[in-house]
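Please open the structure in the viewer and keep the selection panel at hand. The stops below proceed from the whole assembly to a single residue pair.

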Number of protein chains: 2
Amino acid sequence: MNLQDVIELDKRDSLAGKKDEFELPPELIYLDGNSLGALPKTAKTRAREVVEQQWGQGLIRSWNDYQWIDMPVQVGEKIARLIGAAIGQTICCDSVSVNLFKLLACALHSQQGRSLILTDSDNFPADLYIAQNLSKFQAARPCQLRTVARQDIEAELDDSVAVLMLTHVNYKSGLMYDMANITALAHQHGILVIWDLSHSTGAVPLALDDWQVDFAVGCGYKYLNGGPGAPAFIFAAHRHHGNMEQPLQGWMGHKSPFSFSPLYESGSGMLQFLSGTPPVLSMSTLDAALDVFADVQIQNLRQKSLALSSLFLELVVADEVFSELQYQSPENPARRGSQLAFSHPHAFAICQALIARHVIVDYRAPDILRIGFAPLYISFQDVWNSVKHLRQVIVAKSYLQEEYSVMNKVT
Amino acid sequence: MNLQDVIELDKRDSLAGKKDEFELPPELIYLDGNSLGALPKTAKTRAREVVEQQWGQGLIRSWNDYQWIDMPVQVGEKIARLIGAAIGQTICCDSVSVNLFKLLACALHSQQGRSLILTDSDNFPADLYIAQNLSKFQAARPCQLRTVARQDIEAELDDSVAVLMLTHVNYKSGLMYDMANITALAHQHGILVIWDLSHSTGAVPLALDDWQVDFAVGCGYKYLNGGPGAPAFIFAAHRHHGNMEQPLQGWMGHKSPFSFSPLYESGSGMLQFLSGTPPVLSMSTLDAALDVFADVQIQNLRQKSLALSSLFLELVVADEVFSELQYQSPENPARRGSQLAFSHPHAFAICQALIARHVIVDYRAPDILRIGFAPLYISFQDVWNSVKHLRQVIVAKSYLQEEYSVMNKVT
């Protein structure tokens, strides 16, 4: 594979034009879209409109005139298309953590006589925290969290488990569960399954209805490009709608919020998951960002994502300079998400040295260099150039320079 | 009082210049700042900068470079000044509903042996919903909600009550509790008190530390002008920090979020109240909006607010045309917030007829016309003109026109 081949790949890329729909700094190779997606031009325009026109000029009238009130449902349905969910099962609200809390409580509520939450020890720590703190909180109503190694999950599925809580694509390694298979296995034991789709949605094909998924949460600011801290989403399968009781039911989910009735009566379907007033600005940029996906087939995104990561891997494997990097993602492309992970004792400093060269990747403690491939705006030449920079950093041992190795960053 | 007198009031108003710091449509008289505050120019500028520079150009680096990670604390401390709280007791996050849930669970947790939440039946319905749903959820860990008439609250304070949950300024009538007095009475019985400051913060002087308040929540998008659905805040007195356990503890409140440790260990102080990733855009506009208060004394705001509502009342009382409107707010100015309420059988249609005349007020079911006075951007002439329009609507009985009386609005 040489530069000419790579240029050819870009020429044949049917998604190549999508990059123009983003406001990326021209000097940057941004391989961190799995952490914070880039700014779509639609979102930039919408942010100005929402702030200056809808809020500034419309003021309170915009709840009606610009349908702010419908936004959780509207944004939810745009996401539904990306996760393979029929209408009426997806809603946008709050953060992944808050939504996971709602779903855990809801699933436990409907699993009378069972109290065990099963998860793997490699799950995203924030998800573990929510389950841990829910267990503490529910002290009198038994609920325990059991954390086992990833490879032991299947063996632990039995009739004592109430809820299986897993993240589809691991945040560090990119390892992807076989969602259809695990969900079916869990169902054989009457277990409800909650999937965290934060590192999958917008990059990996999902078929929640086909796979009989019960519940899911996901993130708006990674591959969906909704902006920093954009609200998250909840999926709940239709068949559970009659038996959903979540503790954070609030006025936005009341069947008639503006009747100001003193008694809570839940709205129908997914409205039951709404709590307080949504952050309209943050939800609006997500809404606009989702329009970038309107003419995109997820299968094409997936194909390009795998082609990008395969190219990166091929270039790295072919060159012994990179032998000090340990590959930490699955060998089988079908089992990995849209990212690659390598371990290195100086992973943090390598990450900083790359950032100084305008190649944005990220570091995850203790020693992981994580490289994300957002197929909407990453080109094959970006991959080629990022490997070139990585090579220079490794050859020059730039990571030994003090300016790169002092850990003064939070993320 | 004639127009000349009113013009004179504006000339003598030390806050008159503040109106220029907002982007208000020139034709509008906006008497709904108690529902959604107007757009400060600082917030408009900041929104562009956050979207286009910080997100668009800085991307993931902005968590460090623009201190997004510190925003919950930074915004919390700006609010602290407005509520009379010393440093380290106020943090910005989530919605009022979610925050109220956290505080209720937290207060119940520390009130061993008591399980009763007391509130008044006139409390904001959304607050009632959260308490109702928490009670249902905590079925096995006893927790009941007792709702009594406002005038019976004091008599109900006894040693069986765990938590008293009240809203400082009533959302409809504007009636304001004597926070210092009620809090002291509750403390005599060992009751913890949670105040909802949504209709007070930024309009009414608050001295949470002086009044020995335990806990409070409040809203970012009313008098604080943070933008639609701007995040809310939590106050917790220092003396409770050692005994706060709330069920939604998430990774943003971990003592070291980016160590990705599998075990939750809470950060110090108010960090314990953080759950997921904050909506950075929505929180940024609130942050910028709070700078409008930097050179303002709340006592001056309060003085002007009362002068505005008194003028409105004086003009209405003096004119028998308005006799069909029933005054529903306290006579004693010291007991009302920054709003007035009148009942009328056609309140909804009157509200719509006023909006058609560019006088924005709001309606609250079943028959309340609510008029808010945001002293930062409402002038005495605005009040004069709004009464003139109201008079014309009443005299012409415009509210009988079908275009105004069909209830097709959500808010």
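Copies are superposed by least squares on the C-alpha atoms of residues with pLDDT of at least 70 in both. Select chain A and chain B: a turn of 180° with a shift of 0.0 Å along the axis lays chain A on chain B with an RMSD of 0.0 Å. The two copies are thus related as by a two-fold rotation axis.

This is a predicted model, in which local features need pLDDT of at least 70 and side-chain atom pairs count only at pLDDT 80 or more, while totals for chains, interfaces and linings use all residues. Residues are numbered from 1 along each chain as its sequence is written, and chains are lettered from A and ligands numbered from 1 in the order in which they are written.

Next, select the contact (C-beta atoms, placed from the backbone, within 7 Å). Chain A contributes 77 residues and chain B 77 residues. On the side of chain A that touches chain B, helix 6 supplies the largest share, ten residues. Here helices are DSSP runs of H or I with at least four residues, and strands are runs of E with at least two, numbered from the N terminus. Because 100% of the interface residues of chain A are also interface residues in chain B, the copies meet through the same surface.

Now move to chain B and select its open sheet of four strands, ordered 9-10-13-12 with antiparallel pairing; strands pair if DSSP finds at least two bridges between them. Strand 9 (326–327) and strand 12 (362–364) of chain B are the edge strands, each pairing on one side only. Two bridges join strand 9 to strand 10 (residues 339–343) of chain B. Finally, select B:Tyr327, which stands opposite B:Phe342 in strand 10 of chain B.

Key
Two residues are in contact if their C-beta atoms, placed from the backbone, lie within 7 Å.
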